[in-house]
Amino acid sequence: MELGIDLGTANTVVSDVRRGIVFDEPTVMLLRRGGSRRDRVLAVGQEAADLLGRTPSRFVAVRPLQDGVVTDLETARVYLRSVLRKAGRRVWAPVRAVIGVPVGSTALEHRALLEAADEAGLRPVTTLDEAVAGAVGCGLDPLERRVHMVVDVGGGTAEAVAFCYGGVLASRTSKLGGDEMTVAVARYLREQHQLFVGEHEAESLKIRSGSDGSGPLVLQGRDAATGRPRLATVQAAEVADAVRPIVDEIVRTLSASLDDLPPQAIADVMAEGVLVFGGSSLVSGFPQELERTLGLPVKLAEQPLTCVAEGAARALRNRPLLAAYGRG
Ligand SMILES: Nc1ncnc2c1ncn2[C@@H]1O[C@H](COP(=O)(O)OP(=O)(O)OP(=O)(O)O)[C@@H](O)[C@H]1O
Ligand SMILES: [Mg+2]
């Protein structure tokens with residue numbers, strides 16, 4: 001079995017070289033605390049996400065990644081193993097894998113991921129910058145002499161990376177992403193509509209506001225004064241206003257990557273455009289704001305949520321690419 005894996009803060013996507021996408025679910029795991037004994041995994045992925053907020057207190061929801069990196073080895077190992085099982089791995093069948101990593105991850109975080117992957121039975125495992133993997137997933141060739149620039153905006157992080165001819169030229173990372181946008185939407189509803197909503201409702205409103213056109217959106221929450229359930233109507237433009245400060249901050253941080261690029265590199269990017277992917281690239285106004293601040297054309301990926309895993313899978317069959325950009 002050969003797998004490309006995008007282990008994101010918000011979503012995990014696994015692409016099998018031969019079968020395509022075999023797993024695409026939220027990065028969350030529901031555990032029952034064992035006290036002195038081992039914790040037990042009750043559910044992983046969508047099933048765990050659906051149970052959030054509906055479980056007794058002995059059950060805890062765990063997010064195995066924070067800001068795109070592994071923070072707890074044991075949790076990451078157990079999570080990866082469960083994902084592999086759900087992705088149709090047969091017990092002890094060898095699994096070769098390429099896993100995407102944020103360009104801003106430290107050597108220690110990188111080490112932790114490799115260790116967790118090895119213990120989960122992935123062997124050999126190579127890591128590839130997510131930006132490079134996503135570019136491959138969108139059909140770009142990172143070995144070309146021409147400079148490519150990519151922006152990946154996920155749930156926990158955002159990054160801009162420019163690369164060519166087997167190496168990274170410039171990069172910037174922001175520790176803000178879609179999660180912070182969701183928090184901003186929830187805060188806006190509390191302050192402007194006196195409505196309490198959970199994370200799930202706030203995220204769903206954020207996503208709907210980008211895709212349902214510009215009309216009014218209805219959502220349910222609890223009245224801030226009475227605590228009773230109540231419906232509210234919100235305009236899509238209000239949601240765009242609520243997330244704007246986060247979008248602006250991300251775009252400002254990422255645009256500094258241009259400072260490190262020589263003029264010829266900027267000319268390449270100007271001619272080809274900046275490729276944008278990651279779930280939060282779909283938030284209303286993001287591509288426009290990025291284009292305005294960078295002063296460069298921006299192109300949205302066709303498959304913004306799965307191109308990193310697909311590119312990682314493709315990289316498994318591209319030795320020169322792995323030799324140039326892979327770390328193992
Ligand atoms: N249509 C949409 N409009 C706005 N936001 C969206 C949309 N679809 C997904 N998102 C947001 O995108 C984020 C998830 O994106 P993605 O799956 O790329 O992140 P990730 O790879 O798991 O995280 P990271 O790369 O930061 O580790 C979530 O915050 C989600 O709310
Ligand atoms: Mg990601």
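Ligand 1 is surrounded by 24 residues, and the closest of them are Gly8, Ala10, Gly154, Gly178 and Gly279. The model described here is a predicted one. Besides the surroundings of the ligand, the points below cover an open sheet of 5 strands and the setting of Ala76 in helix 2.

**Around ligand 1**

- Sorted by class, the shell around ligand 1 holds 16 polar residues, 5 nonpolar residues and 3 charged residues.
- Helix 5 (178–193) and helix 6 (199–211) each contribute at least two residues to this shell, and helix 6 gives the most, with 5 residues.

**The open sheet**

- The 5 strands of the open sheet follow the order 3-2-1-9-10, and their pairing is mixed.
- Strand 3 (20–26) and strand 10 (122–129) are the edge strands, each of which pairs on one side only, while the twist from one strand to the next averages 20°.
- Strand 2 (residues 11–16) pairs with strand 3 in the antiparallel sense over 6 bridges, and Val14 has Phe23 in strand 3 as its bridge partner.
- Helix 3 (residues 107–119) lies across strand 9 (95–101) and strand 10, and it runs at about 150° to strand 10.

**Ala76 and its neighbours**

- Ala76 is placed in helix 2, which spans residues 73–86, and Ala76 counts as buried because it has 23 C-beta neighbours inside 10 Å, where 20 or more are required.
- Leaving aside residues up to four places away in sequence, Ala76 touches Pro64, Val70 and Ala116.
- Ala76 and Ala112 are 36 residues apart along the chain, and their C-alpha atoms are separated by 9.0 Å.

Technical notes:
Residues are numbered from 1 along each chain as its sequence is written. Chains are lettered from A and ligands numbered from 1 in the order in which they are written. This is a predicted model: local features need pLDDT of at least 70, side-chain atom pairs count only at pLDDT 80 or more; totals for chains, interfaces and linings use all residues. A residue is near a molecule or strand if its C-beta atom, placed from the backbone, lies within 6 Å of it. Helices (H or I, at least four residues) and strands (E, at least two) are DSSP runs, numbered from the N terminus. Ala, Val, Leu, Ile, Met, Phe, Trp, Tyr, Cys and Pro count as nonpolar, Asp, Glu, Lys and Arg as charged, and the others, Gly among them, as polar. A residue is buried if 20 or more other C-beta atoms lie within 10 Å of its own, exposed if 12 or fewer, and partly exposed in between; C-beta atoms are placed from the backbone. Two residues are in contact if their C-beta atoms, placed from the backbone, lie within 7 Å. Two strands pair if DSSP finds at least two bridges between them. Axes are lines fitted to C-alpha atoms, for helices over the stretch in contact, and angles run from 0 to 180 degrees between N-to-C directions.
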